[in-house]
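Visitor: I am new to this structure. Please take a close look at its strands with me, and then at what surrounds them.

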Amino acid sequence: MPNHCTIHFMSNDGTAKHVATEIVRQLQQAGYVAYFAGGCVRDQIMHLEPKDFDVATSARPAQILQLFPHGQKVGAAFGVILVRKRGWPIEVATFRSDGRYEDGRHPVDISFADAQGDAHRRDFTCNGLFWDPIADVLHDYVGGQADIQNNILRAIGDAAARFAEDHLRVLRAVRFAARLEFTIEPTTWHAMQRAAVDISGVSRERIGEELRHIMRHPTRGRAGQLLFESGLLSHILPIATANDGGRHQRYLGGLPAHISFGAGLAALVLEFCPAAPAARQTADALRTALTLSGHETADVGWLLENLAVLENWRDLSLAQFKRLLAHRLSDDLLALYFTRAPEQADILRHRIAELRSDGVAPEPFVTGEDLIQLGATPGPQFKQWLYALYDMQLENRLPDRTAALMAARKMLGGEAAGG
Ligand code: ATP
Ligand code: MG
């Protein structure tokens, strides 16, 4: 029997919620069962802002499309229709139960079901709730409400079987336990530890995508710990060898709440790969393991490389220091460095404030146009001249543009004489 229980949802209704409620109302008025489902119900019970509102219904895909003719089939095989209303995309899915899984990833077949059947195909009890926004009633077939109240993450049904069906669920468990600050129920946890090895069977894209969610979230420290203790980490990142488990969460746990994915990954490497190879090689290994984008790979590489540079910040030239501080990821780099060398924080912050007040990225006095005016032709050498001139400017060796142009003329003349 469903657990009918009125809950008081947040009063500051977002527009997406309003639109999703209208969709549920239309479905119900046409005679179907329709509820909010999954993450949005969980988040609202927990007074968190849901990312999106998913609707689950007894209407079949063709019936959903009759009511919402502009709906798009996004997962037609799974009975999911994307309904856009006032610009908000809402996923409307037919209640279903997953059939057999052959590859530990995708159900081979699905069959349409009622709400109870649909609740039981979901992964964790906190994700298995339905809420009827019209009647204001919660339908709980899996004990999710009690688990949310007790901060417990529990697999629905037989934990070992559920992880064997879809190996990615082990990683999802880490994500939800960390993000919601839930304790993992012991049977679920032991099943995770046994299933961790199977994560290697999951596509690297899916693993990368989960890790993106995990590392971007402020709770990445706890997640790192769970990744390590579950045994997932060494299967995800073969370079991870730490055996003290980064127990202090020195890097991951010490970072500010909002940092780039690259910085999260760099911290993960520092925490668990004490014998990390050179920065660029590490970044390439991560790219392969997680199918990172070129940008993400470059970010991790830059951060790891310049962390080593920053270790000796007292030896940096003015230009080197200013170039570091002018970089898009300089705040992430400093945050990483401070987790590593907290005793340096005060003095380094003082030095950085001085440099920043001086201006770390001034407009260049000399541009490519100027060099052409002076008779230079664009080429590899051209870039080096500009770089060298800007270096002199950053070093405060050129008081103004006139001095910079003189230096440029000298540089070009010297080159002409030399060549
Ligand atoms: P988020 O706020 O991060 O989006 P979510 O709970 O909405 O969290 P989604 O990945 O968007 O998670 O999935 C929506 C719902 O679909 C989940 O709440 C869960 O009920 C179900 N679900 C998603 N992936 C799986 C899976 N691999 N196995 C079983 N159920 C799943
Ligand atoms: Mg979601």
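Guide: In what follows, buried stands for under 20% relative accessible area, exposed for over 50%, and partly exposed for values in between (1.4 Å probe, protein chains only). The model is predicted, so local features need pLDDT of at least 70 and side-chain atom pairs pLDDT 80 or more, while totals for chains, interfaces and linings use all residues. Residues are numbered from 1 along each chain as its sequence is written, chains are lettered from A and ligands numbered from 1 in the order in which they are written, and side-chain values use heavy atoms, without hydrogens and water.

We start with the sheet. Seven strands make up an open sheet with mixed pairing, ordered β3-β4-β5-β2-β1-β8-β9 (strands being DSSP E runs of at least two residues, helices H or I runs of at least four, numbered from the N terminus; strands pair if DSSP finds at least two bridges between them). The edges are held by β3 (72-75) and β9, each with a single partner strand, so one side of each has no neighbour in the sheet. On average, neighbouring strands are turned by 35° against each other, direction ignored (axes are lines fitted to C-alpha atoms, for helices over the stretch in contact, and angles run from 0 to 180 degrees between N-to-C directions).

Now to single pairs of strands. Strand β1 covers residues 34-37 and β2 covers residues 54-57; they pair in the antiparallel sense over four bridges. One point where they meet is Ala-37, whose bridge partner in β2 is Asp-54. On its way to β5 (residues 88-94), β2 runs parallel and is joined by three bridges. Here Thr-57 faces Thr-94 of β5.

At one edge, strand β9 spans residues 137-139 and includes His-139. This histidine is buried, with a relative accessible area of 7%. Its side chain makes a polar contact with the side chain of Tyr-35, at 3.5 Å (a polar contact is a pair of N or O atoms within 3.5 Å, where within protein one must be able to donate a hydrogen and the other to accept it, and residues adjacent in sequence count only through side-chain atoms on both sides).

A helix accompanies these strands. Helix α1 (residues 15-29) lies across β1, β2, β4 (80-85), β5 and β8 (130-132), and runs at about 40° to β5. Val-19 belongs to α1 and is buried, with a relative accessible area of 0%. Leaving out residues up to four places away in sequence, Val-19 touches Lys-85, Arg-86, Trp-88 and Ile-90 (contact means heavy atoms within 4.5 Å). Val-19 and Trp-88 are 69 residues apart along the chain, and their C-alpha atoms are separated by 7.3 Å.

The loop between α2 (39-45) and β2 contains His-47. Phi of His-47 is near 60°, a positive value in a residue other than glycine. Most residues other than glycine have a negative phi. His-47 is exposed, at 56% relative accessibility. A second case of positive phi outside glycine is Thr-291, near 45°. Thr-291 sits in the loop between α13 (279-290) and α14 (294-311) and is partly exposed, with a relative accessible area of 26%.

Next, the wider setting. The chain is divided into domain 1 (1-150), domain 2 (158-361) and domain 3 (368-418), with bounds from an automatic or database domain assignment. The largest nonpolar core has 105 residues, of which Ile-236 and Leu-290 touch the most other members (a nonpolar core is a set of buried Ala, Val, Leu, Ile, Met, Phe, Trp, Tyr and Cys residues joined through side-chain atoms within 4.5 Å). Domain 1 and domain 2 both give residues to this core, so it lies between them. Beyond its neighbours within four places in sequence, Ile-236 is in contact with Leu-171, Ile-199, Ile-207, Leu-211, Leu-227, Ala-289 and Leu-290. Another core, of 13 residues, lies apart from that one; Leu-371, Trp-385, Leu-405 and Ala-408 are among its members.

Helix α5 (residues 144-149) holds Asp-147, which is buried at 5% relative accessibility. Not counting residues up to four places away in sequence, Asp-147 touches Thr-125, Ile-152, Arg-154 and Phe-182.

As for domain 3, six of its residues are in contact with eight residues of domain 2. The C-alpha centres of domain 2 and domain 3 lie 41 Å apart.
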